Amino acid sequence: MKRLLIPALLAAALAHAADETPLDALPYTPSLDPTVMDRSVDPCEDLYRFACGGWSASNPIPADQSRWSVYAKMANENQRYLWGVLDKLAHQPEGRSANQARLGDYFAACMDEGAVQAAGIKPLQPWLERIAGLKDKRALPALLAELQLAAGNDRLFFGFSSGQDYADATRQIAFASAGGLGLPDRDYYLKHDDKTAKVRAAYEAHVARTFELLGEAPEAARASARAVLATETALARASLSKVDKRDPYKIFHAVDARGLQALTPGFDWAAFQAALGTPPAQARYNVTEPAFFKAFAARLKAMSLADVQTYLRWQLASSLAPALDNAFVQANFDFYGQALQGTPQLMPRWKRCVQLVDVQMGEALGQEFVARNFTPELKAATVQMTDEIEAAMARSIDGLAWMSTETKARAKVKLKAIVNKVGYPDRWRDYSALAVRRGDFLDNVVAGNVFEARRQLAKIGQPLDRGEWSMTPQTVNAYYNAQMNDINFPAGVLQAPLYDARLDDAPNYGNTGGTIGHELTHGFDDEGRQFDAQGNLRNWWTKKDGQEFERRAACVADQYATYTVVDDIKINSKLTLGEDLADLGGLILAWEAWKVHVAGKTLESRDGLTPEQRFFVGFAQWDCGDARPEALRLRAKIDPHSPARWRINGVVVNMPEFEKAFACKPGAGLVKPAGQRCKVW
């Protein structure tokens with residue numbers, strides 16, 4: 001007898017099967033899809049459900065994901081497409097460029113699971129031997145530099161790299177930043193509620209399991225895990241919260257070399273920097289969290305040499321676990337994927353390999369993506385929309401009754417100075433110094449980590465490259481950089497169903513226009529407004545105007561603080577305020593730009609929706625999605641974005657244009673009295 005699957009399970013099964021083959025071309029989904037709407041819902045009560053109520057039924061969360069959304073699905077489709085590109089480069093070596101050879105050989109080494117399994121822990125052994133050979137703490141700085149380069153992150157006590165000087169954005173200086181934690185937020189170490197305690201216990205068990213994989217007996221492994229937790233807890237206790245880190249003044253502490261050394265008497269910064277290959281006595285450093293470094297020095301003094309070695313072994317093995325054999329990969333997933341985020345199943349190997357290539361050679365891979373998927377016409381249309389939205393922002397500034405003429409003039413100077421980057425960099429990254437070998441997967445990962453770390457360190461003391469991007473062209477995302485004062489829209493986010501050249505303007509302005517407005521508004525949100533037109537941390541507001549901004553921003557924070565994430569967890573609106581302000585300001589700007597763009601045109605209703613309704617449904621459908629409860633709990637702690645439903649409903653409740661578009665009656669769920677609406681820009 002055949003086993004019948006219910007539709008959702010059948011869809012999931014088919015989606016999983018489809019994931020097992022690469023794509024020859026990116027699939028098409030319209031930016032406004034009437035088939036995923038739930039028209040039984042009153043949009044005046046819940047626009048998100050009206051626009052997206054049927055999306056999850058046809059797009060269940062895949063087993064290898066903790067959450068699923070329009071963005072995540074697009075990213076997955078981009079990965080499947082790039083899988084095909086990389087597979088061809090790996091198996092057809094003739095005629096490849098130098099970058100194509102690197103891409104193909106790296107991907108081939110990653111996909112050779114048999115070789116990785118046969119190697120076992122052997123590729124990690126030289127690093128473990130270096131740790132075992134540590135004779136005293138005076139030798140730690142040089143060893144730590146090597147390990148940080150290899151691991152490619154801030155997991156080993158702290159982070160050290162380059163960054164723009166907050167006081168002078170044209171200068172690139174050394175940054176020493178807090179780190180050293182294996183859990184994603186300090187609260188996991190410090191809070192004692194049942195759910196947090198359960199996660200912490202699972203983490204300790206995971207750390208012990210990793211030590212067993214490194215060869216320790218179970219009892220010794222448990223003791224090692226306790227030692228690691230003690231050190232990480234001490235570091236967490238001295239770390240700033242994620243809310244505090246949103247305040248640039250709290251993470252800007254300029255010191256010279258003597259000032260840096262004074263924070264950590266038992267740690268030789270000159271030896272550390274010499275081992276990194278950077279000049280050991282910079283004139284200027286930014287120590288993002290001085291209290292953390294004092295706590296690091298105290299903890300280091302209290303630790304035995306054996307405890308230091310135990311901590312280093314754990315952080316190194318954990319950082320490189322995804323590039324080791326299946327036992328390490330599975331143990332890493334069991335905690336970070338399953339226990340922490342509720343993901344049932346490990347990603348297939350091809351997907352993990354594509355992601356690694358994206359991380360380590362993303363612009364080389366981006367050249368392949370752009371050449372096939374990003375036309376000059378698409379770039380021109382996006383640039384035009386961006387120009388229109390910036391013009392709407394200029395008109396908005398002019399019309400602000402609460403802002404003085406003096407501050408308006410400075411705001412418009414900043415607006416005019418914003419650089420718009422669309423699609424891909426003008427100059428591609430040079431990977432010629434990155435050596436890749438076809439048969440050495442872990443060595444390739446380490447080489448990639450070292451390459452990127454040294455690339456960043458080499459910026460210290462050098463002129464700023466304002467053309468650089470912080471995302472790869474294939475990324476389904478966008479961003480604003482306050483110190484660069486630029487907005488960046490990779491080619492990956494300018495594809496259907498986010499930007500859809502086949503459809504009318506209304507959903508495109510609601511969707512992509514809202515995204516452009518969102519990133520532009522970040523330049524004037526509670527963080528971005530603290531940086532001037534050149535990207536310097538400088539107060540360019542009059543005192544009264546600053547207070548008026550904060551009063552209006554507080555309206556948004558108070559509104560979002562009432563929304564529930566999951567269980568009894570409310571949105572931490574102090575963490576999400578910047579994104580919530582950008583969501584609201586961005587859609588208002590997109591609406592104004594759309595109205596100017598279509599002025600004088602005859603607009604038609606489609607799919608039973610007026611043009612104005614299509615604008616708002618197009619906006620809502622950019623964020624159709626779902627998430628597992630564990631992922632929602634995690635993201636409530638660490639994600640500066642509100643959950644999808646509130647990113648839609650929380651915006652339109654403040655827009656009288658929405659009420660008019662759907663003829664909402666007073667008292668409806670998404671109708672606020674005029675005097676209670678929030679608006680900043």
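Here are some questions and answers about a predicted model, covering its confidence, two groups of strands and some salt bridges.

Reader: Before I trust anything here, what pLDDT does the protein average, and which stretch falls below 50?
Author: Since this is a predicted model, that's a fair place to start. The average pLDDT is 95, and 97% of the residues score at least 70. One stretch has pLDDT below 50, and beyond near neighbours in sequence it has eight contacts in the model. So the protein averages 95, and the stretch to treat separately is residues 1-18.

Reader: In the open sheet with E6, E7 and E8, which strands sit at the edges?
Author: Three strands make up this open sheet, and the pairing is mixed. The twist averages 15° from one strand to the next. An edge strand here pairs on one side only, and that fits strand E6 (419-423) and strand E7 (479-481). Read across, the order is E6-E8-E7, with the edges being E6 and E7.

Reader: How do E6 and E8 pair, and what is the bridge partner of valine 419?
Author: Strand E8 covers residues 486-490, and E6 pairs with E8 in the parallel sense over five bridges. Valine 419 has its bridge partner in E8. That partner is aspartate 486.

Reader: Which helix packs on that sheet?
Author: Look for a helix touching both E6 and E8. Its direction makes about 150° with that of E6. The helix spans residues 376-398 and is H18.

Reader: Lysine 421 forms a salt bridge with which residue, and is lysine 421 buried or exposed?
Author: The closest N and O atoms of this pair are 2.7 Å apart, and the partner is aspartate 486. The two residues lie 65 residues apart in the chain, with lysine 421 in strand E6 and aspartate 486 in strand E8. Aspartate 486 has a relative accessible area of 2%, so aspartate 486 is buried. Lysine 421 is at 7% relative accessibility, so lysine 421 also counts as buried.

Reader: How many residues of strand E3 are buried, and which strands does E3 pair with?
Author: Strand E3 (residues 172-178) is mostly covered, with six of its seven residues buried. Strand E2 (residues 158-164) pairs with E3 in the antiparallel sense over seven bridges, and phenylalanine 160 stands opposite alanine 176. Strand E5 (residues 285-287) pairs with E3 in the parallel sense over three bridges, where the bridge partner of alanine 174 is tyrosine 285. That gives six buried residues, with E2 and E5 as partners.

Reader: Which residue in helix H24 forms a salt bridge with lysine 595?
Author: Lysine 595 is in helix H23 (residues 573-597), and its partner is in helix H24 (residues 611-621), 17 residues apart. Lysine 595 is partly exposed at 30% relative accessibility, and the partner is partly exposed too, with a relative accessible area of 23%. The closest N and O atoms are 3.0 Å apart, and the partner is glutamate 612.

Reader: In the salt bridge of aspartate 607 and arginine 614, which residue is buried?
Author: The two side chains meet at 2.9 Å, N to O. Aspartate 607 has a relative accessible area of 40%, so aspartate 607 is partly exposed. The other residue has a relative accessible area of 1%, so the buried one is arginine 614.

Reader: How many salt bridges does the count come to, and which residues are linked in a network?
Author: The count comes to 42 salt bridges. Some residues are linked in a network of such bridges. The network holds Glu363, Arg429, Glu452, Arg455, Lys459 and Glu468.

Note on methods
Residues are numbered from 1 along each chain as its sequence is written. This is a predicted model: local features need pLDDT of at least 70, side-chain atom pairs count only at pLDDT 80 or more; totals for chains, interfaces and linings use all residues. Side-chain values use heavy atoms; hydrogens and water are left out. Two strands pair if DSSP finds at least two bridges between them. Helices (H or I, at least four residues) and strands (E, at least two) are DSSP runs, numbered from the N terminus. Axes are lines fitted to C-alpha atoms, for helices over the stretch in contact, and angles run from 0 to 180 degrees between N-to-C directions. Contact means heavy atoms within 4.5 Å. Buried means under 20% relative accessible area, exposed over 50%, partly exposed in between (1.4 Å probe, protein chains only). pLDDT is the predictor's confidence in each residue, from 0 to 100. A salt bridge is a side-chain nitrogen of Lys or Arg within 4 Å of a carboxyl oxygen of Asp or Glu.
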